Amino acid sequence: MQSSSSGLAENKSVLRLGRSKRWSEECIKAVLFLCASISVLTTFAIVWILIREAGIFFQEVPVSDFLFGTLWAPLLEPRSFGVLPLVCGTILIVVGTALFALPVGLATAIYMSEYASSTIRSILKPILEVLAGIPTVVYGYFALTFITPLLREIYPEVQIFNAASASIVVGIMILPMVASLCDDTLRAVPDSLRQGGYAVGATQCEVTIGVVVPSSLSGIMASFVLALSRAIGETMAVTLAAGATPNMTLDPFVAIQTMTAYIVQVSLGDTPAGEIGYQTIFAVSALLFIITLCMNVFSNKLLRRFREVYE
Amino acid sequence: MISRNLKNRYLIAKIFHGFCFSVAWLGVLILGILLFHVTREGFPWLDMQFLTEFPSRFPAKAGIKSALYGTLWLISFTALISVPIGIGAGVYLEEFAKKNRLTQFIDLNIANLAGVPSIVYGMLGLVIFVRWFGLEQSVLAGSMTMSLLILPVIIISTREALRAVPNTIRQAAFALGATRWQTVSAHVLPAAFPGVLTGIILALSRAIGETAPLIMIGALTYVAFVPEGPMDDFTALPIQIFNWASRPQKEFHELAAAGILVLLFVLLLMNSLAVIIRHRLEKRKQ
């Protein structure tokens, strides 16, 4: 009798312990959930702020004037709020970046996944990662003091600030990203496909171009889109090297201004907050955010589709 | 005819191999040129005076004391804020969350946040931390902005490290009656720690080099004092470099190069630290 009642008491204390344990467990879980929800809060905050602040701007300037106007002079009278010159500058940078970084990045990835031995790979990959880890302001300096003088030696008409040298350094900057993402997708292609190619007598080059690259095409596209969205959001290198002259031009050797460089220019300047000229940076940011978000979502979708095929 | 065709195909294969090979090493070559150029320009300016003087209008007297201290303050507070939150979020998503709509949404959300341009985070910091919280252009406002920026990186790498921990460890702990949190805190997290740490250092390295968000929140470009607390104004290394690089005079460009050397040295130091700690922990495990 005695022993059973003490057993009951013990049972009870175990139960109580269990309950307090479960309670603290719930508390911890809630705290951790709060941590995770900060990311959602961040997204909502970004969207909300951009809508609110850009809304103030669009109360005074019609959306169509902003999106389709071809003159950007928001700080000087007579003012004009056509964002196209900034968009044009950004596109110029992105096209130049793409011309350099996409082929070079893909070829690097092909070399790493199809040709290089694992030793060479283990040397090459970390070096490329170093290239990716260098701060963007360093690339801006490099463009300004090395690439531009080099270009001017070849072709003296090049202006001190120009889109070409900025897109070269932005290309160098996103090259490791393209290479590493493409490398991952190329390596995900099953070996049986390659062996099928060799079995019908194709050379390694023919297998790579005819079999491996086409079967990982959606993955490659996804990494291209992701890398270019990075190029659009790139700020310091283009601010330093591409100039501060909003310009509707396709000439890569003259000064232009990108959307990001404009935002930096205004926040460094002495335009008073709350004034319409200041409010433009929120409208430009909203546009920037929408463009990069669309590209990222698209790229993630492509990547998921690629994974569904092979994994 | 057929053999000539075959010869051509072999030739093309060789050319293609050669092309990929040389292009792959192009990146390495560029890195070499960049480092050589920066060293050649900046090294002569690098002396104790450069490290201990405040910035100045006269290149010969200018130094990076305030920028160096600013960066240290900024990174310390960024780490204090972002590391616990990032690990917490990673642990929640990997170990606690059920696979439901909400988790999927948070997941997708983090993936997209990682792609948002850093300057947009600067906007966020400007409106929320600087204006609403009234933090002005303080170290704290900068650190909070940077924390939001690097959180996705920390969360993603934490999750990857946790995923690499074998499930048998969890099952063994559960079998002994441990709760989920006991399992995670005493067994899974320590096992994943080298991976988590690498992610954190990578993220903090990114924060050290970021310039745009700090310019957005209004961090000053000329500071002739050292911050003494989280509420003080500050400048940071990349801002000082940007400031010097954007001036027309050649001397300031060389000062920028010297600043870059210091910045790259700090980054190198952090990354070697990560490698060493990782190595030690992995050795101890064996």
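Here are a few notes on the fold of chain B and how it meets chain A.

1. Keep in mind that this is a predicted model: local features need pLDDT of at least 70, side-chain atom pairs count only at pLDDT 80 or more, and totals for chains, interfaces and linings use all residues. Residues are numbered from 1 along each chain as its sequence is written, with chains lettered from A and ligands numbered from 1 in the order in which they are written.

2. Chain B is built from 11 helices and zero strands (DSSP runs: H or I, at least four residues, for helices; E, at least two, for strands). Its radius of gyration, taken over C-alpha atoms, is 24 Å, well over the 19 Å that the globule rule gives for 286 residues, so chain B is more spread out than a compact globule. That rule is 2.2 Å times the number of residues to the power 0.38.

3. Chain B splits into domain 1 (2-45) and domain 2 (50-285), with bounds from an automatic or database domain assignment. Their centres, over C-alpha atoms, are 34 Å apart. Six residues of domain 1 and eight of domain 2 make the contact (C-beta atoms, placed from the backbone, within 7 Å).

4. What about the two chains? Each puts in 67 residues, chain A and chain B alike. On the chain A side, helix H1 (residues 2-60) gives the largest share, 18 residues.

5. Tyr141(A) is worth a click: its contacts include Leu240(A) in its own chain, plus Ile241(B), Ala245(B) and Ile260(B) across in chain B.

Methods: Contact = placed C-beta atoms within 7 Å. Lists of a residue's contacts leave out its neighbours within four places in sequence.
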